[in-house]
Amino acid sequence: MDDDDEEAHLKAAFGDSSDDEKEPVVVGDSATAVVWERVEKINGLWLCRNFLSVHHQSHLLSAILNEGWFVQESINQAMRFGDLPSWATELSDLILESLESVELPVLPADLLWREPLFDQLIVNLYQPGEGICAHVDLLRFEDGIAIVSLESPCVMRFSPAEKGEGEAVDVLLSPGSLILMSGEARYHWKHEINRKQIGFQVWEGEEIDQKRRISITLRKLCPA
Ligand SMILES: O=C(O)CCC(=O)C(=O)O
Ligand SMILES: [Fe+2]
């Protein structure tokens, strides 16, 4: 865990007491606590900035690169259905464990009880300047989608799926973070990453220094 994470925990644990449900909440014991935050303005969108320790991030990164999916430069996406690689199953188990240990509605209970929680994996590799167009994930996937970020941070922009329904909301996806989308966030908001357009990857007034980014998306296919 890095210093920023440590600070976030301390703030969450010892900061002003408040009944406001948007306050970060510490989960588990202080050595391993992860902090879940509800993203304001978007129902069903939750962010855990410190989901993976630095050590776990590098372990995952090596496991992904060892798969050999990205040896050719032209390939920047890998998809797996059904039996997932062991590192992805472990990641899914870790997500479930975290959600079961937190008294927050990060995912609706009926999604938590499904078996398995996820059975589809996409790993996306983005070089600097590459991103993903605004979209709602295909309806052949169930509700409840997880995205873990590795390497370079990026800004993911959420905008209402129906035009004129409200303003866009930017979320910083830092390395080691996890977002979970369900309900409105999954069905009524589009998400996109635009790393080409100048001014899009700006966070707290500063342009993000773009490097390679790898993301892991976990979903569950709808029954046939
Ligand atoms: O790479 C990401 O962070 C997002 C990926 C995504 O939205 C998708 O594959 O549907
Ligand atoms: Fe998506």
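In this predicted model, His135 has His191 as its bridge partner in strand E11. That pairing belongs to a wider contact between E6 and strand E11 (residues 189-193), which run antiparallel and are joined by 2 bridges. The two strands are part of an open sheet of 4 strands, ordered E6-E11-E8-E9, in which the pairing is antiparallel. Strand E6 (132-135) and strand E9 (169-173) stand at the edges of this sheet, and because each has a single partner strand, one side of each is left without a neighbour in the sheet. From one strand to the next, the twist averages 20 degrees. Strands of a sheet pair in general through backbone hydrogen bonds, in either a parallel or an antiparallel manner.

His191 also appears in the surroundings of ligand 1, together with Ile122, Asn124, Ile132, Asp137, Ile147, Ser215 and Thr217. Strand E5 (120-126) and strand E14 (213-219) are the elements that give two or more residues to this shell. By character, the residues of the shell divide into 3 nonpolar, 4 polar and 1 charged.

Val155 lies in strand E8 (residues 154-160). Apart from neighbours within four places in sequence, Val155 is in contact with Asp170, Leu172, Phe200, Gln201, Trp203 and Ile208. Val155 counts as partly exposed because 18 C-beta neighbours lie inside 10 Å, a number below the 20 at which a residue is called buried. Gly44 is 111 residues away along the chain, and its C-alpha atom is separated from that of Val155 by 18 Å.

Several backbone angles deserve a careful look. Most residues other than glycine have a negative phi, and most peptide bonds are trans. The table lists residues with a positive phi.

| Residue | Phi | Place |
|---|---|---|
| Lys41 | near 80 degrees | loop between strand E2 (34-38) and strand E3 (45-48) |
| Glu151 | near 70 degrees | strand E7 (residues 145-151) |
| Gly68 | near 80 degrees | following H2 |

Lys41 is exposed because 12 other C-beta atoms lie within 10 Å, whereas Glu151, with 16 such atoms within 10 Å, is partly exposed. A cis peptide bond, with omega about -10 degrees, joins Glu115 and Pro116, and Pro116 is found in the loop between helix H4 (109-112) and E5.

Helix H2 (residues 54-66), which Gly68 follows, has 13 residues that should span 18 Å at 1.5 Å a residue, and this agrees with its end C-alpha atoms, which are 18 Å apart.

Definitions and conventions. Residues numbered from 1 in each chain as written. Chains lettered and ligands numbered in written order. Predicted model: local features only at pLDDT ≥ 70, side-chain atom pairs only at ≥ 80, totals over all residues. Near = placed C-beta within 6 Å. Nonpolar A, V, L, I, M, F, W, Y, C, P; charged D, E, K, R; others polar. Contact = placed C-beta atoms within 7 Å. Pairing = 2+ DSSP bridges. Axes fitted to C-alpha atoms, helices over the stretch in contact; angles between N-to-C directions. Expected span 1.5 Å × (residues − 1).
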